[in-house]
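Work through the following exercises with the sequence and the structure open beside you. Try each task before reading its solution.

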Amino acid sequence: MTASLQPKASHYVGGQYVEDTAGTPLVSTYPADGSTNANLHAATPAIVEQAIAAADAARAGWAAMTGSERGRILRRAAEIIRERNHELSVLETRDTGKPLQETLVADAASGADCLEYFGSIAAGLTGEHIQLGADFAYTIREPLGVCVGIGAWNYPTQIACWKAAPALACGNTMVFKPSEVTPLGALKLAEILTEAGLPDGVFNVVQGFGEVGGALVGDARVAKVSLTGSVPTGRKVYAAAAADMKHVTMELGGKSPLVIFDDANLDDAVSAAINANFYSSGQICSNGTRVFVQSGIKDRFLAELKRRTETATIGDPMDEATNFGPMVSQTQVDITLGYIAKGVEEGATLVTGGKAHALGGLYLEPTIFADVTDEMTIAREEIFGPVMSVLTFEDEAEVLARANDTDFGLAAGVFTRDLARAHRVVAGFEAGTCWINTYNLTPIEMPFGGVKASGVGRENAQSAIAHYSQLKSVYVGMTPVEAAF
Ligand code: NAD
């Protein structure tokens, strides 16, 4: 075990680490070799109570501070994260198995961007004034109260920041439950926020499996739940939140289309397909896993895609030359191998990959299927592993109908040099986040989220503010009050 990865305790509540060894054991392991990063415990009901009580108690004081004061703390936390980016990236790699080459630029770094962004706009959050003749009205932007954040395991630090930063900027407090698979990054964020001056109890972390998430969602003191996870979990959490009419943000799964027309720049389209399927070993919600290629470019596209995919550097995630690491868990390996077997069984053509990698353990080969049809299981269900399905199409109307023929609606992309067609296709996509001639870029300045079964609400950008605050409308009568009698 790497001693330095063992946190002082499992949970962070009221500005300090707390433990309850009665909780179910929860082990963080390094996916690259199975070694133990840290031994933790899931939260007991006593810890859940302590965390919600701490967030509730901190609410009034935090909300009473000015936006400038709150923003300064968030921006200071962003600075600390940037100063410690290397150490935090190593931690993220140990927790997730993602290559250091990725975590150095995509995880803590994007969390810092998020804290900086919301720290910068906190002072400018306002209501509005509405003149009504001699009378007028105004709105007050109020925080919601105690928010619960629940994370997935693929971007543990980024997800914690994407939820905490807008919530805290608006004057809410938060209890965050990381995925049981990747418990470490959120604890570091809590430590750093304290160091940056965050009052105790404003951001708390409790560990645990689904039942701890369920206990948090069911607590009457909680005003809002923001979940990043799968659609089945989303349905449960949304239903539980509805009982108390809680606000929700749901960032769920996808089976997103990436449409490549004959006139596309071939190299860029291949790069995008690789990024859209094999970054983070394919464990990204917005991945473009249904790659629709127009028939005229298909053979050249597949040849180049296969050639480049077979040059992936697969190995030790801590080696900065590695650009494809292990899967996060044996569960995810088994799920992915199951889908690969289905692809073969249902008649798709295996272009490359298709099995466990020679390195063994949790390593898989990046896998590409061609001649995939719309009804095949690998074209319909989210795999969340490095499996790309290539489908062929003839014309625009056809591909748009096929791209939208799914319950999911998280993301979509199009490659073409025809400007009008690009915008027309994007307008037709039933997806919350779209890209033209690129894929999977999610800067903090751009709203992110899904439609249909992929989610409710938006994270990032100004739009997140609407999901972490509510308006109180105040009508001010300046004239005599008229009555019928
Ligand atoms: P998951 O749904 O299994 O778990 C997500 C989180 O919910 C975990 O913390 C889990 O402990 C918790 N949970 C499970 N059951 C719960 C319950 N009944 N009540 C409350 N909490 C509960 O998802 P996962 O396997 O951790 O992550 C992969 C999924 O997340 C994929 O479907 C992926 O597409 C999705 N995802 C979406 C986004 C996005 O922004 N849209 C980002 C990353 C991942």
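**Exercise 1.** Decide whether Cys-285 is buried, partly exposed or exposed in this predicted model, and describe its surroundings.

Solution. Begin with the accessibility of Cys-285, which has a relative value of 21%. A residue is called buried under 20% and exposed over 50%, with partly exposed in between, so Cys-285 counts as partly exposed at its 21%. Next, locate the residue along the chain, where Cys-285 sits in the loop that runs between helix H10 (266-278) and strand S13 (290-294). Then list its partners, setting aside residues up to four places away in sequence: Cys-285 touches Asn-154, Leu-252, Gly-253, Gly-254, Glu-382, Phe-384, Leu-410 and Phe-448. Finally, consult the record, in which an unreviewed UniProt entry lists Cys-285 under "modified residue: Cysteine sulfenic acid (-SOH)".

**Exercise 2.** Find out how the two residues that UniProt lists as "binding site", Ser-28 and Asp-95, are placed relative to each other.

Solution. The first step is to note the source, since the listing of Ser-28 and Asp-95 as "binding site" comes from an unreviewed UniProt entry. Although the two are spread over 68 residues of sequence, they cluster in space, with a largest C-alpha distance of 6.6 Å. The second step is to assign each one to its element: Ser-28 belongs to strand S3 (residues 25-29), while Asp-95 belongs to helix H3 (residues 85-96). The third step is to check accessibility, and here Ser-28 is buried because its relative accessible area is 0%, and Asp-95 is buried because its relative accessible area is 1%. The last step is to compare the contacts, leaving aside neighbours within four places in sequence. Ser-28 is in contact with Asp-95 itself, and also with Ser-35, Thr-36, Asn-37, Ala-38, Pro-183 and Leu-184. The partners of Asp-95 include Ser-28, Asn-37, Pro-183 and Leu-184, and among the others are Thr-29, Pro-31 and Val-328.

**Exercise 3.** For Met-174, Leu-5 and Val-425, determine which element or segment holds each residue, and whether each is buried or exposed.

Solution. Take Met-174 to begin with, which lies in strand S8 (residues 173-177) and is buried, its relative accessible area being 0%. Its contacts, not counting neighbours within four places, include Ala-55, Cys-147, Val-202, Phe-203 and Tyr-468. The C-alpha atoms of Met-174 and Ala-54 are separated by 9.5 Å, although these residues are 120 residues apart along the chain.

Turn now to Leu-5, which is found in the segment before strand S1 (11-13). Its relative accessibility is 11%, and therefore Leu-5 counts as buried. Beyond its neighbours within four places in sequence, Leu-5 is in contact with Asn-37, Ala-38, Leu-91, Arg-94 and Leu-184. Between the C-alpha atoms of Leu-5 and Phe-261, which are 256 residues apart along the chain, the separation is 47 Å.

End with Val-425 in helix H15 (residues 419-428), a residue that counts as buried at 1% relative accessibility. With neighbours within four places left aside, Val-425 is in contact with Phe-261, Glu-396, Leu-400 and Val-414. The C-alpha atoms of Val-425 and Val-291, 134 residues apart along the chain, are separated by 15 Å.

**Exercise 4.** Work out whether the radius of gyration of the protein chain agrees with that of a compact globule, and describe the chain as a whole.

Solution. For 485 residues a compact globule would have a radius of gyration near 23 Å, and the protein chain has 24 Å, so the value agrees. The C-alpha trace spans about 75 × 65 × 40 Å along its principal axes, and 56% of the 485 residues are buried. Now consider the contacts with a separation of 6 or more, of which 73% are between residues 24 or more positions apart. The secondary structure comes to 16 helices and 20 strands. An unreviewed UniProt entry places "domain: Aldehyde dehydrogenase" at residues 19-474, and over this stretch the chain is 41% helix and 20% strand. Lastly, look at the charges, where 36 positive and 56 negative side chains are present, and the centres of the two sets lie 1 Å apart.

Notes: Residues are numbered from 1 along each chain as its sequence is written. This is a predicted model: local features need pLDDT of at least 70, side-chain atom pairs count only at pLDDT 80 or more; totals for chains, interfaces and linings use all residues. Side-chain values use heavy atoms; hydrogens and water are left out. UniProt positions are given in the numbering used here, feature names are shortened, and annotations may be inferred rather than shown by experiment. Buried means under 20% relative accessible area, exposed over 50%, partly exposed in between (1.4 Å probe, protein chains only). Contact means heavy atoms within 4.5 Å. Helices (H or I, at least four residues) and strands (E, at least two) are DSSP runs, numbered from the N terminus. The radius of gyration is taken over C-alpha atoms; the globule rule is 2.2 Å times the number of residues to the power 0.38. Lys and Arg count as positive and Asp and Glu as negative; His and the chain ends are not counted. The place of a charge is taken as NZ of Lys, CZ of Arg, CG of Asp or CD of Glu.
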